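Colleague: I'm new to reading protein models, and I'd like to learn by looking at one. Could you walk me through it, feature by feature?

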Amino acid sequence: MFAAYAARIDRDHPLDGLELGDRPTPTARPGWTTVQVKAASLNHHDLWSLRGVGLAEDKLPMILGCDAAGIDEEGNEVVLHSVIGQSGHGVGPREQRSILTEKYQGTFAEQVTVPTWNVLPKPKELSFAEAACLPTAWLTAYRMLFTNAGVRPGDSFLVQGAGGGVATAAIVLGRAAGLRVYAVSRDEAKRKRAVELGAVEAVEPGARLPHKVDAVIETVGAATWSHSVKSLRPGGSLVISGATSGDRPSHAELTRIFFLELKVVGSTMGSKDELEDLLSFCATTGVRPVIDQVLPLDRARDAFTRLAAGDQFGKIVLSTE
């Protein structure tokens, strides 16, 4: 079957390790389900995998891709939850949690096999492309906001790096939930798009906000860390799920954190129950993922190049149709 896969690890030039071509079809195994992939979306996790982060050389070649929607063996339209091994479902009870492609072949292929427990019904209201955007970036934003930040309607929060998958998801979800959203981007066009999606205001990096916010959604890391901490009200929460600019800020802002009793909360992906809630939320409210582009699977290199350059606004989707 045709697939996009990591053939080599290259920490400095990750796209040099990306190959497109034929790979073996999944082998049937008890308790697992093979899905015909209709759409799969890119995440920064895929770029990090090509750099060898979370992907060991002895696992190569590895088909990339965490997220997908497609058709299961019984003809049902489904969405995949990409956390494998959570609570021991689908694999041995002692197997630690991993994200698809860290240990098991991924979704940038015509077929993928996952534990049957990881297969959820796709709401009929969502297209395959829309559903494929939800299991990583949108689920991460959902958990960051509603589980770990603990915000409620009427509260305010700041999103760093408007334009990325998690950031755009947070803006749309926050607006739909009655929150006041502020966004940050160095790109004027992305700031404008953020406001169109529902942000009250979008500002340049480091700019002062009209008021302190209840929470910050942080995926950028070192480059925006000080601004994130300084934007919080006393007792506010900084929820972090990534560090695309690096994980070692020059100023940790420890004095401000302890004096203002700020909360710093790590957040990774989300549970299967949260994904079910997110799917239902989108189906019933009309909220839809922001899609930057839909490209055929054989143009995966173009998709990776766009993601690596940071040119996208929203999710990039690969289609097998």
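Modeller: Sure, and let's begin with a helix. Among the elements that cover the buried residues of α9 are β1 (2–6), β2 (18–22), α1 (44–50), β17 (291–296) and β18 (315–319). Keep in mind that this is a predicted model.

Colleague: Which residues of α9 are buried?

Modeller: Helix α9 runs over residues 300–309, and its buried residues are A300, A303, F304 and L307.

Colleague: Why are they on the same side of α9?

Modeller: General idea to start with: an α-helix has 3.6 residues a turn, so residues three or four places apart point the same way. Here, the buried residues of α9 cover an arc of only 95° around the axis, which puts them on the same side of the helix.

Colleague: And what comes after α9?

Modeller: G310 follows, and its phi is positive, near 75°.

Colleague: Let me try another helix. Which residues of α5 are buried, out of residues 188–197?

Modeller: That would be K190, R191 and A194. They cover an arc of only 105° around the axis, so they too sit on one and the same side of α5. On the other side, E188, A189, K192 and E196 are exposed.

Colleague: What do the buried residues of α5 pack against?

Modeller: Their partners are α4 (165–176), β12 (180–184) and β13 (201–203).

Colleague: How do I read the ends of α5?

Modeller: Take them one at a time. At the N-terminal end, D187 acts as a cap, with a side-chain oxygen 3.0 Å from the backbone nitrogen of A189. Just after α5 comes G198, which takes a positive phi of about 135°.

Colleague: Those were glycines. What about phi in other residues?

Modeller: The general idea is that most residues other than glycine have a negative phi, and most peptide bonds are trans. With that in mind, look at T101: it isn't a glycine, yet its phi is positive, near 90°. You'll find T101 in the loop between β8 (98–99) and β9 (111–115). E261 also has a positive phi without being a glycine, and its value is near 55°. E261 belongs to the loop between α7 (254–259) and β16 (263–266).

Colleague: Is T101 buried or exposed? And is E261 buried or exposed?

Modeller: T101 counts as buried, at 0% relative accessibility. E261 counts as exposed, at 62%.

Colleague: You mentioned trans peptide bonds. Where is there a cis one?

Modeller: Go to L60 and P61: a cis peptide bond joins them, with omega about -10°. P61 lies in the loop between α1 and β4 (62–63).

Colleague: Next, cysteines. How many disulfides does a search of the whole structure find?

Modeller: First the idea: a disulfide is a covalent bond between the sulfur atoms of two cysteines. In this structure the search finds 0.

Colleague: Why can't C133 form one with the closest cysteine sulfur?

Modeller: Distance. The cysteine sulfur closest to that of C133 is in C282, and at 9.9 Å it is too far for a bond. Both cysteines are tucked inside, too: C133 is buried at 0% relative accessibility, and C282 is buried with a relative accessible area of 0%.

Colleague: Can we try one residue in a strand?

Modeller: Let's use T33, which lies in strand β3 (residues 32–41). T33 is buried, with a relative accessible area of 8%. If you leave aside its neighbours within four places in sequence, T33 is in contact with D72, E73, V112, T113, V114, T116 and V119.

Colleague: Last one: how do I read the protein as a whole?

Modeller: Start by counting elements: there are 9 helices and 18 strands. The radius of gyration is 19 Å, close to the 20 Å that the globule rule gives for 321 residues, so the protein is as compact as a globular protein of that length. Along the principal axes, the C-alpha trace spans about 55 × 45 × 40 Å. Of the 321 residues, 55% count as buried.

Colleague: And what about contacts and surface?

Modeller: Take contacts with a separation of 6 or more: residues 24 or more positions apart account for 71% of them. As for surface, the accessible area comes to about 13,900 Å², and 48% of that belongs to carbon and sulfur atoms.

Methods:
Residues numbered from 1 in each chain as written. Predicted model: local features only at pLDDT ≥ 70, side-chain atom pairs only at ≥ 80, totals over all residues. Heavy atoms only, no water. Buried < 20%, exposed > 50% of the residue type's maximum accessible area, 1.4 Å probe, protein only. Helix = DSSP H or I, 4+ residues; strand = E, 2+ residues; numbered from the N terminus. Arc of directions from axis to C-beta. Contact = heavy atoms within 4.5 Å. Polar contact = N/O pair within 3.5 Å; in protein donor to acceptor, adjacent residues only side chain to side chain. Disulfide = S-S within 2.5 Å. Rg over C-alpha atoms; globule rule 2.2 N^0.38 Å. Areas by Shrake-Rupley, 256 points an atom, 1.4 Å probe, with all protein chains shown as cover.
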